[in-house]
Amino acid sequence: MHMLFITATRLGDAVISTGILAELLRRHPGVRITIACGPVPAELFSHVPGLERILIMEKQPYDLHWLKLWKACVGQRWDITVDLRGSATTLLLRSGRRLIMRGGRRPGRRIEHLAALLGQTPPPLPTLWSSETERAQALALIPPTQQVVALGPTANWTGKIWPVERHIALWQAIRATYPQARPAIFYGPGTQEAGLARPLLDALPDALDMGGRFTLTQTAALLARCALYVGNDSGLMHMAAAAGTPTLGLFGPSRASEYAPAGPRAHWIAAPGPEGEAPIAGLSIETVTSAALALLKENAA
């Protein structure tokens with residue numbers, strides 16, 4: 001049995017899509033799967049059970065990336081094709097069951113829109129896959145005796161970034177209550193992400209630097225070892241929630257009603273004001289600190 005799964009170009013959307021992917025794998029044990037996605041989230045799927053190949057879709061002029069994908073897939077007879085991008089591609093392939101996400105962006109939680117393709121209520125939660133070796137490496141870096149609190153100071157645009165001095169104040173409040181805790185700074189690859197994380201790394205010299213050099217699946221294993229994740233609305237926030245880490249997502253001008261983190265211990269808070277317009281600077285240190293400490297206390301019980 002063969003399945004084609006076409007998912008997102010952005011990391012956060014790709015993480016959200018793993019919930020229905022995991023549910024399809026549960027419903028069809030032994031299925032062989034081909035995943036088509038953008039280059040940024042591709043590593044996320046490297047340990048999916050039954051994976052045959054990952055097709056990386058690089059955007060090309062005149063939408064030629066869709067033609068390239070069709071050429072890569074047309075020789076296969078597919079039992080199931082899933083297209084979360086709403087293209088016509090799967091309609092031009094030999095396929096049994098087709099699941100196509102229609103309608104573009106719309107109000108309501110993205111995770112619920114995806115689950116509607118399967119008629120699944122409540123929606124299946126996102127799932128991350130890592131290897132035994134990666135989990136062992138994460139255990140060595142973050143042993144059970146160490147309480148590590150992850151901070152995610154970056155995002156894909158500045159409007160979503162809670163000021164770095166507030167991350168510092170948050171950490172000072174956490175350490176005052178949990179003096180043995182240690183911070184870990186998570187951020188993505190590239191100079192822009194490193195530049196956004198650098199002020200926090202400089203301010204917290206004992207922090208674990210968890211950015212840049214790890215693959216997405218290694219990062220997933222590391223996040224799963226953390227006692228708490230606090231960070232801006234970003235792909236890493238979605239990964240932390242999917243990893244089962246107690247997660248506190250920080251929202252300003254982005255919409256929590258659409259992209260709140262989803263996971264067994266996922267929470268979020270938003271700056272006061274109209275959704276989609278509220279400046280994240282309106283989210284106070286006191287509000288975030290209170291929520292973070294409550295999550296640490298709840299999950300330490």
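Asp-233 is buried, and so is Lys-160; buried here means under 20% relative accessible area, exposed means over 50%, and partly exposed is anything in between (1.4 Å probe, protein chains only). The side chains of these two residues, Asp-233 and Lys-160, meet in a salt bridge, with 3.6 Å from N to O. The term covers a side-chain nitrogen of Lys or Arg within 4 Å of a carboxyl oxygen of Asp or Glu. Asp-233 sits in the loop between β9 (228-232) and α8 (235-242), and Lys-160 in the loop between β6 (148-152) and α5 (164-177), so the pair ties together parts that are 73 residues apart in sequence. Helices (H or I, at least four residues) and strands (E, at least two) are DSSP runs, numbered from the N terminus.

A word on the source: this is a predicted model, where local features need pLDDT of at least 70 and side-chain atom pairs count only at pLDDT 80 or more, while totals for chains, interfaces and linings use all residues. Residues are numbered from 1 along each chain as its sequence is written, and side-chain values use heavy atoms, with hydrogens and water left out.

**Salt bridges**

Side chains of opposite charge can pair when their charged atoms come close. The structure holds eight salt bridges, including the three in this table.

| Pair | Closest N to O |
|---|---|
| Arg-27 and Glu-23 | 2.8 Å |
| Glu-52 and Arg-32 | 3.6 Å |
| Asp-233 and Lys-160 | 3.6 Å |

Take Arg-27 and Glu-23: both belong to helix α1, four residues apart, about one turn of the helix. Glu-23 is buried at 8% relative accessible area, whereas Arg-27 is partly exposed at 31%. What about the pair Glu-52 and Arg-32? Glu-52 lies in strand β3 and Arg-32 in strand β2, so this salt bridge ties together parts that are 20 residues apart in sequence. Glu-52 counts as partly exposed at 38% relative accessibility, and Arg-32 does too, with 35%.

**The sheet and its helices**

Five strands make an open sheet, in the order β3-β2-β1-β4-β5, with parallel pairing. Two strands count as paired if DSSP finds at least two bridges between them. β3 (51-56) and β5 (95-100) stand at the edges with a single partner strand each, so one side of each has no neighbour in the sheet. On average, and ignoring direction, neighbouring strands of this sheet are turned by 15° against each other. Those angles come from axes, which are lines fitted to C-alpha atoms (for helices over the stretch in contact), and they run from 0 to 180 degrees between N-to-C directions.

Strand β2 (residues 32-37) pairs with β3 in the parallel sense over five bridges, and Ile-35 stands opposite Ile-54 in β3. Helix α1 (residues 11-27) packs on the sheet, touching β1 (2-6), β2, β4 (78-83) and β5, and its direction makes about 175° with that of β1. Helix α2 packs on the sheet as well, touching β1, β2, β3 and β4, with its direction at about 155° to that of β3. Contact, by the way, means heavy atoms within 4.5 Å.

**Around the start of α2**

Most residues other than glycine have a negative phi, and most peptide bonds are trans. Tyr-62, in the loop between β3 and α2, has a positive phi near 60°. Asp-63 is in the loop between β3 and α2 and has a positive phi of about 60° although it is not a glycine. Tyr-62 is exposed at 77% relative accessibility; Asp-63 is partly exposed at 43%. Leu-64 belongs to helix α2 (residues 64-73) and is partly exposed at 38%.

Which residues form a nonpolar patch on the surface? They are Tyr-62, Leu-64 and Leu-67, with about 360 Å² of accessible area together. Patches are made of residues with over 30% relative accessible area and no salt bridge, with like charges joined within 9 Å and nonpolar side chains (Val, Leu, Ile, Met, Phe, Trp, Tyr) within 5 Å. The areas come from the Shrake-Rupley method with a 1.4 Å probe, and for residues only the protein chains shown count as cover.

**Loop details**

A cis peptide bond joins Thr-121 and Pro-122, with omega about -5°. Pro-122 is in the loop between α3 and α4. Ser-130 is found in the loop between α3 (110-116) and α4 (132-141), and is buried at 18% relative accessible area.
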